[in-house]
Structure formats: structure tokens, C-alpha cells
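User: Could you teach me how to read surface and pocket features in a model like this one?

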Amino acid sequence: MTDTEWQKSSFSGSVENCVEVRTVNGAVELRESDEGHVIIPTTPAHFAAFLQAAKTGEFDHHA
């Protein structure tokens with residue numbers, strides 16, 4: 001896994017307040033673009049599990 005720049009979802013369009021993700025030193029980091037100083041680190045495996053759960057609707061009851 002190579003280090004990357006912050007990336008936002010293509011679903012965000014031109015909106016500036018969105019979740020961004022990058023990889024650094026083998027870890028995955030997440031932040032909200034409007035609160036860029038707050039960074040949440042996680043592992044690639046945990047991030048992959050989160051994405052899979054989101055895709056299958058596991059968190060839909062929170063909406």
C-alpha cells in the first residue's frame with residue numbers, strides 16, 4: 001500500500017464538507033474536510049469491513 005493524498009468520494013460532487021480518506025504508512029486515515037485537524041486512523045482490514053457494511057445497508061437504521 002502506497003501513501004496517497006486525501007481523496008473524497010465521487011458522490012460528494014462539489015460539496016466541501018465531506019469525508020476524505022488516505023493511506024499513510026500502511027494505515028488508513030479518515031477525516032471530515034471541514035474539520036481537517038481531526039484524523040481517525042484505522043487498519044485497511046477494518047476500513048474494508050466498514051465499507052462492506054455500508055454497502056450492504058448495515059447502518060441504514062441510523063438515518
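Analyst: Happy to! Keep in mind that this model is predicted. Let's begin with the surface: Phe 50, Leu 51 and Phe 59 make a nonpolar patch of about 250 Å².

User: Phe 50 is in that patch. In which element does Phe 50 lie, and how exposed is Phe 50?

Analyst: A residue counts as partly exposed when its relative accessible area falls between the cut-offs of 20% and 50%. Phe 50 lies in helix α1. Its relative accessible area is 42%, so Phe 50 is partly exposed.

User: And Asp 60, is that residue buried or exposed?

Analyst: Exposed means over 50% relative accessible area. Asp 60 reaches 54%, so it counts as exposed. You will find Asp 60 in the segment after α1. From Pro 41, Asp 60 is 19 residues away in sequence and 23 Å away in space, C-alpha to C-alpha.

User: Now the largest pocket: how much space lies in it, and which residues are closest to its centre?

Analyst: The largest pocket holds about 430 Å³ of space. It is lined by 20 residues, and those closest to its centre are Val 19, Glu 20, Leu 30, Phe 47 and Phe 50. Two or more lining residues come from each of β1 (7-8), β2 (19-24), β3 (27-32), β4 (40-42) and α1 (44-55).

User: Which element gives the most to that lining, and how do the lining residues divide?

Analyst: That is α1, with 4 residues. By class, the lining of the largest pocket has 9 nonpolar, 6 polar and 5 charged residues. Phe 50 links our two topics, being part of the nonpolar patch and among the residues closest to the pocket centre.

Key:
Residues are numbered from 1 along each chain as its sequence is written. This is a predicted model: local features need pLDDT of at least 70, side-chain atom pairs count only at pLDDT 80 or more; totals for chains, interfaces and linings use all residues. Side-chain values use heavy atoms; hydrogens and water are left out. On a 1 Å grid over the protein atoms alone, a cavity is a set of points where a 1.4 Å probe fits but cannot get out, and a pocket is an open set with protein on both sides within 12 Å along at least five of seven lines; lining residues have an atom within 4 Å of a point. Grid points are joined across faces, edges and corners, and a volume is the space filled by probe spheres set on the points. Ala, Val, Leu, Ile, Met, Phe, Trp, Tyr, Cys and Pro count as nonpolar, Asp, Glu, Lys and Arg as charged, and the others, Gly among them, as polar. Patches are made of residues with over 30% relative accessible area and no salt bridge: like charges are joined within 9 Å, nonpolar side chains (Val, Leu, Ile, Met, Phe, Trp, Tyr) within 5 Å. Accessible areas come from the Shrake-Rupley method with a 1.4 Å probe; for residues, only the protein chains shown count as cover. A salt bridge is a side-chain nitrogen of Lys or Arg within 4 Å of a carboxyl oxygen of Asp or Glu. Buried means under 20% relative accessible area, exposed over 50%, partly exposed in between (1.4 Å probe, protein chains only).
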